[in-house]
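Hi,

Here is the structure I promised to pass on to you. Have a look around first, then read my notes below.

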Amino acid sequence: MGAVREVQVTFDCAEPERVARFWCEVLGYVVPPAPEGFATWGDFDRSLPADRQGAAFACVDPTGEGPRLFFQRVPEGKVVKNRVHLDVRVGTGLVGEERLAALEAECARLVALGAVRQRVLVADGFNESTIVMQDVEGNEFCLD
C-alpha cells in the first residue's frame, strides 16, 4: 500500500455553503471551479434532485498545500464538543504578549465574520496561549 498523498477534512453541518464560505475567509481558501459542463456551482446544484440541492460544498487551499475542506449537510444538529478540531496557526513562533496580541487581532477579524470567542487559555509554562472559538455553526477551533 502506498503512502497517503491527500487528506480531506469533512464537516457535518446544517448549511454547507455558509460554513464553507466562512472557512474560506478564515484560511484564505477558495471555492474550486464548478464541475465540467456547469458555469457555476449554483448551476450544478440546481441540476441535482431537490433533496440533494445544497447538501454539500467544498473549499481548497489555492496553493495546493493544505487539505481540501468538505462540508456535508446532516439532519442532526451539533450536540457535544468536537472530537477533532482545526488549529488556526496565527501565533507560530511568537511568545508572551506578542503572541497574545496576534491571537487577539485574528480573533477580532473572525468574530466580525461570525465566529464566537469562547475563552483564552493563557500560557502555562508548557503551552503557549490559545484562543478557543466556534465557527458559524458552533464547531470548536483554536487560534494557536
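Let's start with a cysteine: C13 has a relative accessibility of 3%, so it counts as buried. Keep in mind that this is a predicted model.

Why does C13 not form a disulfide with C59? C59 holds the closest cysteine sulfur, but that atom is 11 Å from the sulfur of C13, which is too far for a bond. C142 is in no disulfide either: the nearest cysteine sulfur belongs to C107 and is 12 Å away. C142 is buried too, with a relative accessible area of 11%. Searching the whole structure turns up zero disulfides.

Next, the sheet. There is an open one with three strands, in the order β1-β3-β2, and its pairing is mixed. β1 (8–13) and β2 (56–59) are the edge strands; each has a single partner strand, so one side of each has no neighbour in the sheet. From one strand to the next, the twist averages 20°.

In case strands are new to you: those of a sheet pair through backbone hydrogen bonds, either parallel or antiparallel. Here, β2 and β3 go together in the antiparallel sense, over four bridges. You can find A58 opposite F70, which is in β3. Helix α1 (residues 16–27) lies across β1, β2 and β3, and it runs at about 155° to β3.

One last stop is N82, in the loop between β3 (68–73) and β4 (86–88). Is N82 buried or exposed? Its relative accessibility is 16%, so N82 counts as buried. Apart from neighbours within four places in sequence, N82 is in contact with N139 and E140.

Cheers

Definitions and conventions:
Residues numbered from 1 in each chain as written. Predicted model: local features only at pLDDT ≥ 70, side-chain atom pairs only at ≥ 80, totals over all residues. Heavy atoms only, no water. Helix = DSSP H or I, 4+ residues; strand = E, 2+ residues; numbered from the N terminus. Buried < 20%, exposed > 50% of the residue type's maximum accessible area, 1.4 Å probe, protein only. Contact = heavy atoms within 4.5 Å. Disulfide = S-S within 2.5 Å. Pairing = 2+ DSSP bridges. Axes fitted to C-alpha atoms, helices over the stretch in contact; angles between N-to-C directions.
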